[in-house]
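Here is a short briefing on a predicted model. It is grouped by topic for quick reading.

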Amino acid sequence: MTRPLRGGWPVRAGLAAVLVTALACPANADPLQPLTRAEATSPAPLAQISHTASCPAGTRLTGIGGVINQSTGKEALTALEPDSGLTKGTVSATGPAGNWTVTANVVCSEVAGLKLVRQPGPVGFPVVTADCGPGHQVLGAGGRVPGAQGNKLLAIEPNDALTSVTVIGQLGAGRWAVTAYAICVPTA
């Protein structure tokens, strides 16, 4: 399902709802440019599930979000992950078998000059930061921890200057690494 957005940013209600987008309005972006939201809901999972929503043709991903539907409180989001071409976003979750599902939400636009910064962290360390680099600001963000039981995303936080994104994960047993994603747009 896709539909244009007018005004505020949608955040779907639910236990684990997250939507990160439009953190900055760079000088070269038209703030009235139409945005499109796409949504896709998974079937009921066994214990892990990933589900993807795609941007309409001619647009690129500027934000990604997800929600766990019919949650019992034992499920956890493990990824809000943009693809390398910024054309789709995948939401992943883990939890016990049951009737819960995952809905992936993406916000897409025709903003020019977008780049994706992917920063994997060191194994076993739960915090990692992706930096946009000089001349760019954070427009959207994502993060990933492996989908093993006990792992979950705790926070996806842009810094105050909107130049980087820090992802904090909870890591269960095993040797895992957290990955941070920053969707960056030129400032000039």
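Thr179 sits in strand 14, which covers residues 179-186. Thr179 is buried, because its relative accessibility of 5% falls under the 20% cut-off. Strand 14 also takes part in a sheet, a nonpolar core and a disulfide.

**Thr179 and its surroundings**
- Beyond its neighbours within four places in sequence, Thr179 contacts Arg118, Gln119 and Pro120.
- Further contacts of Thr179 include Val128, Gly142, Gly143, Arg144 and Val167.
- The contact with Val167 also appears in the list for Val167, which has Val178 and Ala180 among its other partners.

**The sheet around strand 14**
- Six strands form an open sheet in the order 4-7-6-11-14-9, with antiparallel pairing.
- Strand 4 (48-54) and strand 9 (115-120) are the edges, each pairing on one side only.
- From one strand to the next, the twist averages 25 degrees.
- Strands 9 and 14 run antiparallel and are joined by 6 bridges.
- In this pairing, Arg118 stands opposite Tyr181 of strand 14.

**Val165 and strand 13**
- Val165 belongs to strand 13, residues 164-170.
- With a relative accessible area of 0%, Val165 is buried, since the cut-off is under 20%.
- Leaving out residues up to four places away in sequence, Val165 touches Ala180, Tyr181 and Ala182, among others.
- Other residues touched by Val165 include Val128, Thr129, Ala130, Val138, Gly140 and Ala141.
- Ile156, Glu157 and Pro158 are also among the contacts of Val165.
- Val165 and Cys132 lie 33 residues apart in sequence, and their C-alpha atoms are 8.4 Å apart.

**The nonpolar core**
- The largest nonpolar core holds 36 residues.
- Val106, Leu114, Ile156, Val165, Val167 and Ala182 touch the most other members.
- Strand 14 supplies the largest share of this core, with 5 residues.
- Two of the residues named here are in contact with Ile156: Val165 and Val167.
- Val167 also contacts Pro126, Val127, Val128, Gly142, Gly143, Leu153 and Ala155, setting aside neighbours within four places in sequence.

**Disulfides**
- How many disulfides does a search of the whole structure find? The search finds 2.
- Counting bonded cysteines along the chain, the pattern is 1-2, 3-4.
- One disulfide joins Cys55 to Cys108, with an S to S distance of 2.1 Å.
- The link of Cys55 and Cys108 is left-handed, at -80 degrees about the S-S bond.
- Cys55 is in the loop between strand 4 and strand 5 (60-69), and Cys108 is in strand 8 (residues 101-109), so this pair ties together parts 53 residues apart in sequence.
- Cys55 and Cys108 are both buried.
- The other disulfide joins Cys132 to Cys184, again with S to S 2.1 Å.
- The link of Cys132 and Cys184 is left-handed, with -80 degrees about the S-S bond.
- This pair connects distant parts of the chain: Cys132 lies in the loop between strand 10 (127-131) and strand 11 (136-144), and Cys184 lies in strand 14, 52 residues away.
- Cys132 counts as buried because its relative accessible area is 1%, under the 20% cut-off.
- Cys184 is buried too, at 0% relative accessibility.

Note on methods:
Residues numbered from 1 in each chain as written. Predicted model: local features only at pLDDT ≥ 70, side-chain atom pairs only at ≥ 80, totals over all residues. Heavy atoms only, no water. Helix = DSSP H or I, 4+ residues; strand = E, 2+ residues; numbered from the N terminus. Buried < 20%, exposed > 50% of the residue type's maximum accessible area, 1.4 Å probe, protein only. Contact = heavy atoms within 4.5 Å. Pairing = 2+ DSSP bridges. Axes fitted to C-alpha atoms, helices over the stretch in contact; angles between N-to-C directions. Core = buried A, V, L, I, M, F, W, Y, C linked by side-chain atoms within 4.5 Å. Disulfide = S-S within 2.5 Å.
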